[in-house]
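Trainee: Before I use these labels, I want to see what stands behind them. Can we go through them together?

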Amino acid sequence: MTVPTYPGETDPPVPSSALAAPPPTRASAAARAHLLHDGSVEQYRRVIADGVDRVARRVATVDRPTTGIAPGELAPLVDSVDLDRPLGDAGAALDELEGVYLRDAVWFHHPRYLAHLNCPVVIPALLGEAVLSAVNSSLDTWDQSAGATLIERRLIDWTAARIGLGPDADGVFTSGGSQSNLQALLLAREEACLAATTPAARLDLLPRLRVLTSVAGHFSVQKSAKLLGLAPDAVIAVPTDARRRIRPAAVREEIARCRAAGLVPMAVVGTAGTTDFGSIDPLADLAEVCAETGVWLHVDAAYGCGLLVSPTRRHLLDGVERADSVTVDYHKSFFQPVSSSALLVRDRRTLGHATYHADYLNPARMVEQRIPNQVDKSLQTTRRFDALKLWLTLRVMGPDALGELFDEVVDAAADAWQLVSEDPRFEVVTRSQLSTVVFRYLPTGPGRELADAANLFAREALAASGLAVVAATRVDGRHFLKFTLLNPATTVADVGHVLELIAGHAGRYVRDTVAADLTCPVG
(Lines give C-alpha, C1' and ligand atoms only; values in the text may rest on other atoms or scores of the structure.)
Protein backbone atom coordinates (compact mmCIF):
# COMPACT_ATOMS: atom_id res chain seq x y z
CA MET A 1 0.00 0.00 0.00
CA THR A 2 1.34 3.45 -0.96
CA VAL A 3 0.80 6.31 1.49
CA PRO A 4 -0.04 9.53 -0.42
CA THR A 5 1.89 12.77 0.18
CA TYR A 6 0.66 16.28 -0.47
CA PRO A 7 2.39 19.48 -1.61
CA GLY A 8 4.08 21.31 1.23
CA GLU A 9 3.70 18.40 3.59
CA THR A 10 6.85 17.52 5.52
CA ASP A 11 7.55 15.28 8.46
CA PRO A 12 8.12 17.15 11.74
CA PRO A 13 11.66 17.04 13.12
CA VAL A 14 12.40 14.14 15.44
CA PRO A 15 13.88 15.11 18.82
CA SER A 16 17.35 13.72 19.35
CA SER A 17 16.17 12.10 22.60
CA ALA A 18 13.73 9.96 20.64
CA LEU A 19 16.56 8.55 18.54
CA ALA A 20 18.31 7.06 21.55
CA ALA A 21 17.83 3.33 21.93
CA PRO A 22 15.73 2.35 24.95
CA PRO A 23 17.53 0.39 27.63
CA PRO A 24 17.39 -3.35 26.99
CA THR A 25 14.71 -5.29 28.82
CA ARG A 26 15.68 -8.61 30.32
CA ALA A 27 13.14 -10.93 31.86
CA SER A 28 13.75 -11.89 35.44
CA ALA A 29 15.25 -15.24 36.31
CA ALA A 30 11.93 -16.20 37.89
CA ALA A 31 10.10 -15.54 34.61
CA ARG A 32 12.67 -17.43 32.55
CA ALA A 33 12.44 -20.40 34.89
CA HIS A 34 8.95 -21.19 33.55
CA LEU A 35 10.14 -21.66 29.94
CA LEU A 36 10.78 -25.18 28.71
CA HIS A 37 14.43 -25.44 27.71
CA ASP A 38 17.50 -27.54 28.38
CA GLY A 39 17.88 -26.18 31.88
CA SER A 40 14.27 -26.74 33.00
CA VAL A 41 13.58 -30.32 31.96
CA GLU A 42 13.54 -31.62 35.53
CA GLN A 43 10.97 -29.01 36.50
CA TYR A 44 8.99 -29.97 33.40
CA ARG A 45 9.01 -33.63 34.41
CA ARG A 46 7.98 -32.83 37.98
CA VAL A 47 5.16 -30.41 37.10
CA ILE A 48 3.65 -32.56 34.37
CA ALA A 49 3.83 -35.66 36.56
CA ASP A 50 1.98 -33.81 39.33
CA GLY A 51 -0.75 -32.79 36.90
CA VAL A 52 -1.05 -36.29 35.45
CA ASP A 53 -1.23 -37.78 38.95
CA ARG A 54 -4.07 -35.49 39.96
CA VAL A 55 -6.10 -36.30 36.85
CA ALA A 56 -5.42 -40.02 37.32
CA ARG A 57 -6.70 -39.87 40.90
CA ARG A 58 -9.88 -38.16 39.73
CA VAL A 59 -10.45 -40.69 36.93
CA ALA A 60 -9.94 -43.54 39.38
CA THR A 61 -12.28 -42.25 42.07
CA VAL A 62 -15.22 -40.38 40.47
CA ASP A 63 -18.46 -42.24 41.16
CA ARG A 64 -20.68 -40.25 38.82
CA PRO A 65 -20.17 -38.41 35.51
CA THR A 66 -20.62 -34.96 37.07
CA THR A 67 -21.39 -33.26 40.35
CA GLY A 68 -24.42 -31.51 38.87
CA ILE A 69 -23.14 -28.10 39.92
CA ALA A 70 -25.08 -25.14 38.52
CA PRO A 71 -23.43 -22.25 36.63
CA GLY A 72 -24.55 -19.79 39.29
CA GLU A 73 -22.75 -21.79 41.96
CA LEU A 74 -19.47 -22.30 40.12
CA ALA A 75 -19.15 -18.89 38.45
CA PRO A 76 -18.35 -16.96 41.68
CA LEU A 77 -15.44 -19.32 42.39
CA VAL A 78 -13.96 -18.68 38.95
CA ASP A 79 -14.66 -14.95 39.10
CA SER A 80 -12.92 -14.64 42.46
CA VAL A 81 -9.57 -15.71 41.01
CA ASP A 82 -7.27 -12.69 40.67
CA LEU A 83 -5.42 -13.32 37.42
CA ASP A 84 -3.09 -10.38 38.09
CA ARG A 85 -1.72 -12.04 41.24
CA PRO A 86 0.05 -15.27 40.26
CA LEU A 87 0.48 -18.05 42.76
CA GLY A 88 4.07 -18.58 41.68
CA ASP A 89 3.93 -22.33 42.08
CA ALA A 90 2.45 -25.01 39.82
CA GLY A 91 1.37 -27.11 42.78
CA ALA A 92 -0.61 -24.23 44.24
CA ALA A 93 -2.18 -23.56 40.83
CA LEU A 94 -3.21 -27.21 40.57
CA ASP A 95 -4.69 -27.04 44.07
CA GLU A 96 -6.76 -24.06 42.92
CA LEU A 97 -7.70 -25.88 39.71
CA GLU A 98 -9.22 -28.68 41.74
CA GLY A 99 -11.87 -26.25 42.98
CA VAL A 100 -12.61 -24.35 39.80
CA TYR A 101 -12.44 -27.24 37.30
CA LEU A 102 -11.43 -30.79 38.18
CA ARG A 103 -13.85 -31.32 41.07
CA ASP A 104 -16.88 -30.46 38.90
CA ALA A 105 -15.64 -31.60 35.49
CA VAL A 106 -17.87 -33.75 33.28
CA TRP A 107 -16.19 -37.14 32.94
CA PHE A 108 -16.82 -38.83 29.61
CA HIS A 109 -15.15 -42.06 30.74
CA HIS A 110 -17.96 -42.70 33.22
CA PRO A 111 -20.42 -45.32 31.89
CA ARG A 112 -23.47 -43.23 32.76
CA TYR A 113 -22.39 -40.26 30.68
CA LEU A 114 -24.87 -40.78 27.84
CA ALA A 115 -25.46 -37.30 26.44
CA HIS A 116 -23.45 -36.10 23.47
CA LEU A 117 -20.89 -37.33 20.95
CA ASN A 118 -18.09 -37.31 23.52
CA CYS A 119 -15.93 -40.39 23.87
CA PRO A 120 -13.47 -41.71 26.41
CA VAL A 121 -9.97 -41.30 24.99
CA VAL A 122 -7.32 -43.92 24.32
CA ILE A 123 -4.03 -43.64 26.17
CA PRO A 124 -1.76 -43.59 23.09
CA ALA A 125 -3.58 -40.44 21.97
CA LEU A 126 -2.96 -38.85 25.38
CA LEU A 127 0.72 -39.62 24.91
CA GLY A 128 0.53 -37.82 21.58
CA GLU A 129 -1.16 -34.85 23.26
CA ALA A 130 1.68 -34.57 25.77
CA VAL A 131 4.35 -34.73 23.06
CA LEU A 132 2.74 -32.31 20.62
CA SER A 133 2.02 -29.72 23.30
CA ALA A 134 5.61 -29.71 24.52
CA VAL A 135 7.26 -29.59 21.10
CA ASN A 136 4.60 -27.12 19.94
CA SER A 137 5.00 -27.61 16.20
CA SER A 138 2.81 -25.46 13.99
CA LEU A 139 1.44 -27.22 10.94
CA ASP A 140 1.17 -24.21 8.66
CA THR A 141 4.61 -24.44 7.03
CA TRP A 142 7.38 -26.97 6.62
CA ASP A 143 9.91 -24.77 8.40
CA GLN A 144 7.73 -24.87 11.54
CA SER A 145 6.95 -28.55 11.53
CA ALA A 146 9.17 -30.76 9.31
CA GLY A 147 8.21 -34.39 10.05
CA ALA A 148 4.89 -33.31 11.55
CA THR A 149 3.79 -32.20 8.08
CA LEU A 150 4.68 -35.57 6.59
CA ILE A 151 2.90 -37.47 9.37
CA GLU A 152 -0.29 -35.47 8.83
CA ARG A 153 -0.09 -36.01 5.08
CA ARG A 154 0.44 -39.74 5.58
CA LEU A 155 -2.65 -39.94 7.79
CA ILE A 156 -4.69 -38.03 5.21
CA ASP A 157 -3.58 -40.53 2.56
CA TRP A 158 -4.47 -43.42 4.88
CA THR A 159 -7.93 -42.03 5.59
CA ALA A 160 -8.59 -41.27 1.92
CA ALA A 161 -7.64 -44.84 1.07
CA ARG A 162 -10.00 -46.16 3.75
CA ILE A 163 -12.78 -44.08 2.19
CA GLY A 164 -11.77 -45.12 -1.33
CA LEU A 165 -11.49 -41.64 -2.85
CA GLY A 166 -8.87 -42.60 -5.41
CA PRO A 167 -5.32 -41.55 -6.38
CA ASP A 168 -6.02 -37.82 -6.71
CA ALA A 169 -7.43 -37.46 -3.19
CA ASP A 170 -6.05 -35.12 -0.57
CA GLY A 171 -7.15 -33.34 2.57
CA VAL A 172 -6.16 -31.53 5.72
CA PHE A 173 -6.74 -31.80 9.46
CA THR A 174 -9.24 -29.34 10.95
CA SER A 175 -10.55 -28.29 14.35
CA GLY A 176 -13.77 -30.30 13.99
CA GLY A 177 -16.72 -31.25 11.87
CA SER A 178 -18.12 -27.73 11.65
CA GLN A 179 -14.89 -26.39 10.16
CA SER A 180 -14.61 -29.37 7.82
CA ASN A 181 -18.16 -28.80 6.59
CA LEU A 182 -17.48 -25.09 6.16
CA GLN A 183 -14.42 -25.72 4.05
CA ALA A 184 -16.19 -28.38 1.99
CA LEU A 185 -19.00 -25.97 1.15
CA LEU A 186 -16.45 -23.25 0.38
CA LEU A 187 -14.87 -25.56 -2.19
CA ALA A 188 -18.30 -26.47 -3.58
CA ARG A 189 -19.23 -22.78 -3.86
CA GLU A 190 -16.02 -21.95 -5.70
CA GLU A 191 -16.47 -24.89 -8.07
CA ALA A 192 -19.99 -23.67 -8.83
CA CYS A 193 -18.64 -20.16 -9.43
CA LEU A 194 -16.10 -21.27 -12.02
CA ALA A 195 -18.76 -20.64 -14.65
CA ALA A 196 -19.01 -17.01 -13.52
CA THR A 197 -16.16 -15.49 -15.50
CA THR A 198 -16.70 -11.86 -14.46
CA PRO A 199 -17.29 -10.15 -11.10
CA ALA A 200 -20.75 -9.16 -12.24
CA ALA A 201 -21.60 -12.73 -13.15
CA ARG A 202 -20.40 -13.91 -9.76
CA LEU A 203 -22.52 -11.33 -7.96
CA ASP A 204 -25.51 -12.53 -9.96
CA LEU A 205 -24.79 -16.20 -9.18
CA LEU A 206 -24.13 -16.10 -5.43
CA PRO A 207 -27.72 -15.34 -4.30
CA ARG A 208 -28.98 -18.17 -6.50
CA LEU A 209 -26.76 -20.90 -5.06
CA ARG A 210 -28.51 -23.61 -3.08
CA VAL A 211 -27.39 -26.41 -0.74
CA LEU A 212 -29.56 -29.48 -0.23
CA THR A 213 -29.37 -31.48 2.99
CA SER A 214 -31.53 -33.65 5.19
CA VAL A 215 -33.93 -32.17 7.72
CA ALA A 216 -31.93 -34.28 10.18
CA GLY A 217 -28.57 -32.92 9.00
CA HIS A 218 -26.15 -30.94 11.13
CA PHE A 219 -26.78 -27.26 11.89
CA SER A 220 -23.27 -26.38 10.72
CA VAL A 221 -24.55 -26.58 7.14
CA GLN A 222 -26.85 -23.60 7.79
CA LYS A 223 -24.12 -21.76 9.67
CA SER A 224 -21.62 -22.39 6.86
CA ALA A 225 -24.03 -21.05 4.26
CA LYS A 226 -24.35 -17.83 6.23
CA LEU A 227 -20.58 -17.49 6.64
CA LEU A 228 -20.12 -18.08 2.91
CA GLY A 229 -22.40 -15.19 2.04
CA LEU A 230 -25.19 -17.31 0.57
CA ALA A 231 -28.82 -16.25 0.61
CA PRO A 232 -30.80 -16.67 3.87
CA ASP A 233 -32.85 -19.40 2.21
CA ALA A 234 -29.89 -21.06 0.52
CA VAL A 235 -30.12 -24.30 2.53
CA ILE A 236 -33.02 -26.51 1.49
CA ALA A 237 -34.09 -29.14 4.04
CA VAL A 238 -35.03 -32.30 2.18
CA PRO A 239 -37.51 -34.70 3.85
CA THR A 240 -36.47 -38.06 5.26
CA ASP A 241 -37.94 -41.54 5.26
CA ALA A 242 -39.24 -43.42 8.31
CA ARG A 243 -35.67 -44.23 9.34
CA ARG A 244 -34.73 -40.52 9.30
CA ARG A 245 -32.58 -40.88 6.16
CA ILE A 246 -32.69 -38.39 3.31
CA ARG A 247 -34.85 -39.43 0.36
CA PRO A 248 -32.73 -39.48 -2.82
CA ALA A 249 -35.82 -39.18 -5.02
CA ALA A 250 -36.74 -35.99 -3.17
CA VAL A 251 -33.21 -34.69 -3.74
CA ARG A 252 -33.55 -35.30 -7.45
CA GLU A 253 -36.91 -33.55 -7.52
CA GLU A 254 -35.55 -30.57 -5.57
CA ILE A 255 -32.59 -30.17 -7.92
CA ALA A 256 -34.98 -30.10 -10.87
CA ARG A 257 -37.25 -27.62 -9.09
CA CYS A 258 -34.33 -25.32 -8.29
CA ARG A 259 -33.10 -25.27 -11.84
CA ALA A 260 -36.56 -24.61 -13.20
CA ALA A 261 -36.72 -21.59 -10.89
CA GLY A 262 -33.35 -20.27 -12.07
CA LEU A 263 -31.54 -21.41 -8.95
CA VAL A 264 -28.20 -23.27 -8.92
CA PRO A 265 -27.77 -26.32 -6.66
CA MET A 266 -24.11 -26.09 -5.65
CA ALA A 267 -23.96 -29.05 -3.24
CA VAL A 268 -25.85 -31.94 -1.73
CA VAL A 269 -24.82 -32.80 1.84
CA GLY A 270 -25.37 -36.40 2.79
CA THR A 271 -24.95 -37.47 6.40
CA ALA A 272 -23.27 -40.65 7.60
CA GLY A 273 -24.53 -40.56 11.15
CA THR A 274 -27.02 -37.85 12.05
CA THR A 275 -26.44 -36.38 15.49
CA ASP A 276 -29.83 -37.32 16.88
CA PHE A 277 -30.78 -40.54 15.14
CA GLY A 278 -27.47 -42.02 14.03
CA SER A 279 -29.03 -42.46 10.61
CA ILE A 280 -26.92 -42.94 7.50
CA ASP A 281 -28.26 -41.49 4.29
CA PRO A 282 -28.39 -43.80 1.22
CA LEU A 283 -24.96 -42.66 0.04
CA ALA A 284 -24.78 -44.77 -3.12
CA ASP A 285 -28.15 -43.47 -4.31
CA LEU A 286 -27.17 -39.88 -3.45
CA ALA A 287 -23.94 -40.30 -5.37
CA GLU A 288 -25.90 -41.47 -8.40
CA VAL A 289 -28.20 -38.45 -8.24
CA CYS A 290 -25.27 -36.06 -7.92
CA ALA A 291 -23.33 -37.72 -10.74
CA GLU A 292 -26.32 -37.51 -13.08
CA THR A 293 -27.08 -33.89 -12.21
CA GLY A 294 -23.50 -32.61 -11.90
CA VAL A 295 -23.83 -31.44 -8.28
CA TRP A 296 -21.06 -31.60 -5.69
CA LEU A 297 -21.63 -34.34 -3.10
CA HIS A 298 -20.32 -33.74 0.41
CA VAL A 299 -20.68 -36.48 3.01
CA ASP A 300 -20.66 -35.43 6.65
CA ALA A 301 -19.27 -38.55 8.30
CA ALA A 302 -18.16 -36.79 11.47
CA TYR A 303 -19.99 -39.41 13.54
CA GLY A 304 -20.09 -42.40 11.24
CA CYS A 305 -16.40 -42.32 10.32
CA GLY A 306 -15.74 -45.04 12.90
CA LEU A 307 -17.24 -47.44 10.36
CA LEU A 308 -14.10 -46.96 8.27
CA VAL A 309 -12.29 -49.26 10.70
CA SER A 310 -15.23 -51.47 11.70
CA PRO A 311 -14.60 -55.17 11.06
CA THR A 312 -18.34 -55.83 10.65
CA ARG A 313 -20.14 -52.68 9.49
CA ARG A 314 -17.97 -51.00 6.85
CA HIS A 315 -20.68 -51.70 4.25
CA LEU A 316 -22.93 -49.09 5.89
CA LEU A 317 -20.71 -46.46 4.25
CA ASP A 318 -21.01 -47.91 0.74
CA GLY A 319 -21.16 -45.01 -1.71
CA VAL A 320 -18.99 -42.65 0.36
CA GLU A 321 -16.14 -43.37 -2.03
CA ARG A 322 -18.02 -41.43 -4.73
CA ALA A 323 -18.23 -38.22 -2.69
CA ASP A 324 -16.41 -35.06 -3.73
CA SER A 325 -15.59 -34.29 -0.09
CA VAL A 326 -15.92 -36.06 3.24
CA THR A 327 -15.82 -34.88 6.86
CA VAL A 328 -14.39 -37.22 9.50
CA ASP A 329 -14.15 -36.56 13.24
CA TYR A 330 -11.56 -38.79 14.81
CA HIS A 331 -12.42 -37.18 18.16
CA LYS A 332 -15.83 -38.84 18.03
CA SER A 333 -15.53 -42.35 16.68
CA PHE A 334 -11.76 -42.98 16.85
CA PHE A 335 -11.63 -42.24 20.61
CA GLN A 336 -9.28 -39.27 20.22
CA PRO A 337 -9.02 -36.18 22.42
CA VAL A 338 -10.54 -32.99 21.06
CA SER A 339 -9.64 -31.76 18.57
CA SER A 340 -8.91 -34.24 15.82
CA SER A 341 -10.84 -33.96 12.57
CA ALA A 342 -10.19 -33.81 8.85
CA LEU A 343 -11.64 -32.85 5.50
CA LEU A 344 -10.92 -35.19 2.60
CA VAL A 345 -11.47 -34.36 -1.08
CA ARG A 346 -11.56 -36.53 -4.18
CA ASP A 347 -9.64 -34.03 -6.33
CA ARG A 348 -6.70 -32.27 -4.63
CA ARG A 349 -6.99 -29.44 -7.13
CA THR A 350 -10.11 -28.18 -5.39
CA LEU A 351 -8.18 -27.42 -2.20
CA GLY A 352 -6.57 -24.59 -4.17
CA HIS A 353 -9.72 -22.57 -3.59
CA ALA A 354 -8.48 -22.06 0.00
CA THR A 355 -4.91 -21.15 -0.99
CA TYR A 356 -3.36 -17.75 -0.41
CA HIS A 357 0.35 -17.10 -0.77
CA ALA A 358 1.89 -14.72 1.75
CA ASP A 359 5.42 -13.58 0.97
CA TYR A 360 6.56 -13.92 4.58
CA LEU A 361 5.13 -17.41 5.06
CA ASN A 362 4.38 -19.51 1.99
CA PRO A 363 5.44 -17.64 -1.16
CA ALA A 364 4.36 -19.16 -4.44
CA ARG A 365 7.92 -20.16 -5.30
CA MET A 366 7.75 -22.83 -2.58
CA VAL A 367 5.19 -24.73 -4.66
CA GLU A 368 7.72 -24.91 -7.50
CA GLN A 369 10.35 -26.05 -5.02
CA ARG A 370 7.97 -28.80 -3.83
CA ILE A 371 8.09 -27.61 -0.24
CA PRO A 372 4.98 -28.96 1.51
CA ASN A 373 3.14 -26.20 3.35
CA GLN A 374 -0.15 -27.31 4.88
CA VAL A 375 -1.38 -23.72 5.10
CA ASP A 376 -1.88 -23.96 1.34
CA LYS A 377 -4.81 -26.31 2.05
CA SER A 378 -6.15 -25.04 5.36
CA LEU A 379 -8.50 -22.31 6.53
CA GLN A 380 -6.23 -21.97 9.56
CA THR A 381 -2.71 -20.60 9.69
CA THR A 382 -1.17 -21.51 13.04
CA ARG A 383 -2.39 -25.03 13.73
CA ARG A 384 -1.69 -27.75 16.28
CA PHE A 385 -0.12 -31.10 15.39
CA ASP A 386 -3.33 -32.94 16.28
CA ALA A 387 -2.50 -35.67 13.78
CA LEU A 388 0.14 -37.04 16.15
CA LYS A 389 -2.57 -38.37 18.47
CA LEU A 390 -4.06 -40.52 15.72
CA TRP A 391 -0.61 -41.53 14.49
CA LEU A 392 0.43 -42.93 17.88
CA THR A 393 -2.98 -44.57 18.29
CA LEU A 394 -2.58 -46.45 15.03
CA ARG A 395 1.03 -47.34 15.78
CA VAL A 396 0.21 -48.69 19.25
CA MET A 397 -3.30 -50.13 18.84
CA GLY A 398 -3.91 -50.41 15.12
CA PRO A 399 -7.15 -49.68 13.24
CA ASP A 400 -8.77 -53.04 13.97
CA ALA A 401 -8.74 -52.39 17.73
CA LEU A 402 -10.42 -49.00 17.17
CA GLY A 403 -13.01 -50.66 14.98
CA GLU A 404 -13.75 -53.23 17.67
CA LEU A 405 -14.35 -50.45 20.20
CA PHE A 406 -16.73 -48.66 17.83
CA ASP A 407 -18.58 -51.89 17.02
CA GLU A 408 -19.00 -52.48 20.74
CA VAL A 409 -20.81 -49.19 21.33
CA VAL A 410 -23.03 -49.78 18.30
CA ASP A 411 -23.93 -53.22 19.65
CA ALA A 412 -24.62 -51.72 23.08
CA ALA A 413 -26.91 -49.11 21.56
CA ALA A 414 -28.89 -51.83 19.79
CA ASP A 415 -29.38 -53.59 23.11
CA ALA A 416 -30.36 -50.29 24.75
CA TRP A 417 -32.91 -49.60 22.03
CA GLN A 418 -34.41 -53.03 22.61
CA LEU A 419 -34.59 -52.39 26.34
CA VAL A 420 -36.36 -49.05 25.91
CA SER A 421 -38.72 -50.32 23.22
CA GLU A 422 -39.92 -53.12 25.49
CA ASP A 423 -40.62 -50.79 28.42
CA PRO A 424 -44.26 -49.57 28.30
CA ARG A 425 -43.33 -46.39 30.17
CA PHE A 426 -41.35 -45.10 27.20
CA GLU A 427 -41.84 -44.27 23.53
CA VAL A 428 -38.83 -44.86 21.32
CA VAL A 429 -38.04 -43.45 17.88
CA THR A 430 -36.47 -45.34 14.98
CA ARG A 431 -33.63 -47.76 15.66
CA SER A 432 -30.26 -46.13 15.05
CA GLN A 433 -27.72 -47.50 12.59
CA LEU A 434 -25.03 -46.24 14.97
CA SER A 435 -25.16 -45.61 18.71
CA THR A 436 -28.00 -43.27 19.69
CA VAL A 437 -31.39 -43.99 21.23
CA VAL A 438 -34.07 -41.28 21.04
CA PHE A 439 -36.99 -41.84 23.39
CA ARG A 440 -39.31 -40.19 25.89
CA TYR A 441 -41.24 -41.00 29.03
CA LEU A 442 -44.91 -41.24 28.12
CA PRO A 443 -47.34 -40.68 30.98
CA THR A 444 -50.70 -42.41 30.97
CA GLY A 445 -54.13 -41.13 31.86
CA PRO A 446 -54.69 -37.46 32.69
CA GLY A 447 -50.96 -36.74 32.77
CA ARG A 448 -50.34 -37.64 29.13
CA GLU A 449 -50.45 -34.01 28.03
CA LEU A 450 -47.57 -33.34 30.42
CA ALA A 451 -45.14 -35.54 28.47
CA ASP A 452 -43.03 -32.68 27.12
CA ALA A 453 -42.64 -30.93 30.44
CA ALA A 454 -42.06 -34.23 32.28
CA ASN A 455 -39.19 -35.22 30.04
CA LEU A 456 -37.53 -31.81 30.31
CA PHE A 457 -37.91 -31.93 34.09
CA ALA A 458 -36.46 -35.44 34.25
CA ARG A 459 -33.38 -34.44 32.28
CA GLU A 460 -32.74 -31.39 34.46
CA ALA A 461 -33.28 -33.31 37.69
CA LEU A 462 -31.00 -36.10 36.51
CA ALA A 463 -28.25 -33.64 35.60
CA ALA A 464 -28.59 -31.85 38.94
CA SER A 465 -28.13 -35.13 40.77
CA GLY A 466 -24.94 -35.86 38.83
CA LEU A 467 -25.88 -39.54 38.68
CA ALA A 468 -26.16 -39.54 34.89
CA VAL A 469 -26.15 -37.16 31.94
CA VAL A 470 -28.49 -37.56 28.97
CA ALA A 471 -29.28 -35.27 26.06
CA ALA A 472 -32.54 -33.78 24.86
CA THR A 473 -33.89 -33.00 21.42
CA ARG A 474 -37.11 -32.34 19.55
CA VAL A 475 -38.76 -34.82 17.21
CA ASP A 476 -41.70 -33.65 15.12
CA GLY A 477 -42.22 -30.78 17.52
CA ARG A 478 -42.21 -32.85 20.72
CA HIS A 479 -39.55 -33.05 23.43
CA PHE A 480 -37.55 -36.29 23.57
CA LEU A 481 -34.53 -37.55 25.47
CA LYS A 482 -31.46 -39.12 23.91
CA PHE A 483 -28.81 -41.63 24.86
CA THR A 484 -25.56 -41.34 22.92
CA LEU A 485 -23.35 -44.34 23.57
CA LEU A 486 -19.67 -43.86 22.77
CA ASN A 487 -18.20 -45.59 25.80
CA PRO A 488 -17.48 -49.31 25.50
CA ALA A 489 -17.71 -49.52 29.31
CA THR A 490 -21.43 -48.64 29.24
CA THR A 491 -23.58 -51.73 29.78
CA VAL A 492 -27.27 -52.47 29.37
CA ALA A 493 -27.45 -52.47 33.17
CA ASP A 494 -26.18 -48.87 33.17
CA VAL A 495 -28.84 -47.92 30.64
CA GLY A 496 -31.52 -49.67 32.68
CA HIS A 497 -30.42 -47.86 35.82
CA VAL A 498 -30.66 -44.49 34.07
CA LEU A 499 -34.09 -45.35 32.68
CA GLU A 500 -35.32 -46.01 36.21
CA LEU A 501 -33.97 -42.64 37.34
CA ILE A 502 -35.70 -40.89 34.43
CA ALA A 503 -38.98 -42.68 35.07
CA GLY A 504 -38.78 -41.73 38.74
CA HIS A 505 -38.20 -38.02 38.06
CA ALA A 506 -40.74 -37.79 35.24
CA GLY A 507 -43.37 -39.80 37.11
CA ARG A 508 -42.98 -37.62 40.21
CA TYR A 509 -43.37 -34.49 38.10
CA VAL A 510 -46.59 -35.81 36.55
CA ARG A 511 -48.03 -36.92 39.88
CA ASP A 512 -47.20 -33.63 41.61
CA THR A 513 -48.55 -31.54 38.72
CA VAL A 514 -51.79 -33.52 38.42
CA ALA A 515 -52.29 -33.39 42.17
CA ALA A 516 -51.72 -29.62 42.21
CA ASP A 517 -54.25 -29.15 39.42
CA LEU A 518 -56.83 -31.21 41.30
CA THR A 519 -56.44 -29.19 44.49
CA CYS A 520 -56.38 -25.83 42.72
CA PRO A 521 -59.74 -24.05 43.18
CA VAL A 522 -61.67 -23.51 39.95
CA GLY A 523 -62.41 -19.91 38.93
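Mentor: We will take salt bridges, burial and one sheet in turn. Keep in mind that this is a predicted model.

Trainee: Why is the pair Glu 152 and Arg 383 called a salt bridge?

Mentor: The closest N and O atoms are 2.8 Å apart. The cut-off is within 4 Å, so the pair qualifies. By this rule the count comes to 35 salt bridges.

Trainee: What makes Glu 152 and Arg 383 a pair that ties together parts apart in sequence?

Mentor: Glu 152 lies in helix 7 (residues 147–163). Arg 383 lies in the loop between helix 14 (365–368) and helix 15 (387–396). The parts are 231 residues apart in sequence, so the pair ties them together. Both Glu 152 and Arg 383 are buried.

Trainee: How do you know that Asp 476 and Arg 244 meet in a salt bridge?

Mentor: Their N to O distance is 3.3 Å. The limit is 4 Å, so the label holds. This pair also links distant parts of the chain, 232 residues apart. Asp 476 sits in the loop between strand 11 (469–475) and strand 12 (478–484). Arg 244 sits in the loop between strand 4 (235–238) and helix 11 (248–260).

Trainee: Which label does Asp 476 get, buried or exposed? And which does Arg 244 get?

Mentor: Asp 476 has 66% relative accessibility. Exposed means over 50%, so Asp 476 is exposed. Arg 244 has a relative accessible area of 18%. Buried means under 20%, so Arg 244 is buried.

Trainee: What makes Asp 329 and Lys 332 a salt bridge?

Mentor: Their closest N and O atoms are 2.5 Å apart. That is within 4 Å, so they count. Both residues are buried.

Trainee: Which residues are linked in a network of salt bridges?

Mentor: Asp 50, Arg 54, Arg 58, Asp 95 and Glu 98.

Trainee: Now the sheet. Why do strand 2 and strand 4 stand at the edges?

Mentor: The open sheet has seven strands in the order 2-8-7-6-5-3-4, with mixed pairing. Strand 2 (170–174) and strand 4 each have a single partner strand, so one side of each is left without a neighbour in the sheet. Neighbouring strands are turned by 20° against each other on average, direction ignored.

Trainee: How do you know that strand 6 and strand 7 pair?

Mentor: Four bridges join strand 6 (residues 296–301) to strand 7 (residues 325–329). Pairing needs at least two, so they pair. The two strands run parallel. Asp 300 stands opposite Thr 327 in strand 7.

Definitions and conventions
Residues numbered from 1 in each chain as written. Predicted model: local features only at pLDDT ≥ 70, side-chain atom pairs only at ≥ 80, totals over all residues. Heavy atoms only, no water. Salt bridge = Lys/Arg side-chain N within 4 Å of Asp/Glu carboxyl O. Buried < 20%, exposed > 50% of the residue type's maximum accessible area, 1.4 Å probe, protein only. Axes fitted to C-alpha atoms, helices over the stretch in contact; angles between N-to-C directions.
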